[in-house]
Number of protein chains: 2
Amino acid sequence: MTKIKETSTNFSNKKALAEECPEVYASNMIGGQWSLAICCYLINGKLRFGELKKKLENITERMLTLQLRRLERDKIITRTVYAEVPPRVEYELTEIGYKLKPIIEELEKWGKLHKKIL
Amino acid sequence: MTKIKETSTNFSNKKALAEECPEVYASNMIGGQWSLAICCYLINGKLRFGELKKKLENITERMLTLQLRRLERDKIITRTVYAEVPPRVEYELTEIGYKLKPIIEELEKWGKLHKKIL
DNA sequence: CGGGATCCCCAATGATACTG
DNA sequence: CAGTATCATTGGGGATCCCG
């Protein structure tokens with residue numbers, strides 16, 4: 001069993017801030033790393049490990065595994081293992097995971113806006 | 001003059017992803033680190049360096065400076081220096097910086113939701 | 001196929017001291 | 001007050017190999 005650190009991302013002392021500040025808390029949950037990209041792809045439905053890896057092109061298997069485990073631990077995605085040969089593992093957003101959609105949409109809008117003023 | 005690295009956050013190869021994916025791009029801009037927290041405080045109006053430092057309690061001056069410089073470079077905040085003694089420097093969100101508000105609001109909603117299911 | 005285990009490096013951050 | 005400079009540290013993430 002892989003040891004997962006307590007924190008979602010690397011917040012040294014932002015922990016205290018996150019406690020009282022839901023937006024910072026949320027940002028710590030899905031900000032940075034690959035979490036958001038993974039959620040973006042999963043928002044259209046479940047995907048297998050290999051499919052995610054393909055979509056994320058440059059991610060290493062190690063990283064993908066770590067990120068998925070984090071998201072699973074934080075109840076944002078579910079992991080379903082099928083007892084087959086070869087193995088099949090599917091990842092899907094949880095109910096609250098799907099609720100990230102408005103955030104993603106707003107991020108998308110803003111991202112497009114910001115690119116223009118580059 | 002402090003050298004600021006090219007990247008907004010630490011995206012190794014997420015760069016490619018961010019190019020075609022505005023939401024990931026946006027997440028790279030404000031996700032992680034202290035960026036979002038800073039924007040949260042500035043959304044209510046301009047603040048001085050010391051005021052930000054106070055609100056962010058645990059941040060070091062060095063870190064705060066770095067984050068502010070990044071945000072300034074990315075046109076999310078403006079930095080105004082007043083030629084006074086003692087010095088006064090104010091930080092304020094730019095137009096596009098203020099447009100982060102919907103994102104922050106959605107993050108806040110989701111954060112509160114997620115805390116409940118802990 | 002979908003990982004786990006190890007080794008290792010460097011970029012991000014902390015700590016401390018100094019300054020216009 | 002609002003930084004800058006320098007050194008020390010650490011853990012995030014890459015590379016590689018192995019497994020059920």
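Which N or O atom lies 3.2 Å from a base oxygen of DNA strand C? An atom in the side chain of A:Arg62 does. Keep in mind that this is a predicted model.

## Around strand C

A:Arg62 isn't alone here: there are 21 residues around DNA strand C, and those that come nearest are A:Thr65, A:Arg79, A:Tyr91, B:Arg62 and B:Met63. Of the strand C atoms that come within 4 Å of the protein, 69% belong to sugar and phosphate. On the phosphate side, A:Arg48 has a polar side-chain atom 2.9 Å from a phosphate oxygen of the strand. A:Pro87 joins in through its backbone, with an N or O atom 3.3 Å from a sugar or linking oxygen of strand C.

As for who supplies this surface, at least two residues each come from helix H4 (49-55), H5 and strand E3 (88-93) of chain A, and from H5 of chain B. H5(A) has the largest share, with four residues. Sorted by character, the surface near strand C is an even split: seven nonpolar, seven polar and seven charged residues.

## Around strand D

Over at DNA strand D there are 22 residues, with A:Arg62, B:Arg48, B:Glu61, B:Arg79 and B:Tyr91 coming nearest. Sugar and phosphate make up 62% of the strand D atoms that come within 4 Å of the protein. For base contacts, look at B:Glu61, which puts a polar side-chain atom 2.6 Å from a base nitrogen of strand D, and at B:Arg62, whose polar side-chain atom sits 3.4 Å from a base oxygen. A:Thr60 goes for the backbone of the DNA instead, with a polar side-chain atom 3.4 Å from a phosphate oxygen of strand D.

Two or more residues of this surface come from each of these elements: helix H5 (61-73) of chain A, plus helix H4 (49-55), helix H5 (61-73) and strand E3 (88-93) of chain B. H5(B) gives the most, four residues. The surface near strand D counts seven nonpolar, seven polar and eight charged residues.

## Cavities in the protein

How many cavities of 30 Å³ or more are there? The count is three, and the largest cavity holds about 90 Å³ of space.

Both chains line that largest cavity: A:Ser27, A:Ile30, A:Gly31, A:Leu36, A:Ile103 and A:Leu107 on one side of the list, and B:Ser27, B:Ile30, B:Gly31, B:Leu36, B:Ile103 and B:Leu107 on the other. Helix H2 (22-30) and helix H7 (101-116) of chain A, along with helix H2 (22-30) and helix H7 (101-117) of chain B, each give two or more residues to this lining. You'll find eight nonpolar and four polar residues in it, and no charged ones.

Technical notes. Residues are numbered from 1 along each chain as its sequence is written. Chains are lettered from A and ligands numbered from 1 in the order in which they are written. This is a predicted model: local features need pLDDT of at least 70, side-chain atom pairs count only at pLDDT 80 or more; totals for chains, interfaces and linings use all residues. Side-chain values use heavy atoms; hydrogens and water are left out. A residue is near a molecule or strand if one of its heavy atoms lies within 4 Å of it. A polar contact is a pair of N or O atoms within 3.5 Å; within protein, one must be able to donate a hydrogen and the other to accept it, and residues adjacent in sequence count only if both atoms are side-chain atoms. Ala, Val, Leu, Ile, Met, Phe, Trp, Tyr, Cys and Pro count as nonpolar, Asp, Glu, Lys and Arg as charged, and the others, Gly among them, as polar. On a 1 Å grid over the protein atoms alone, a cavity is a set of points where a 1.4 Å probe fits but cannot get out, and a pocket is an open set with protein on both sides within 12 Å along at least five of seven lines; lining residues have an atom within 4 Å of a point. Grid points are joined across faces, edges and corners, and a volume is the space filled by probe spheres set on the points.
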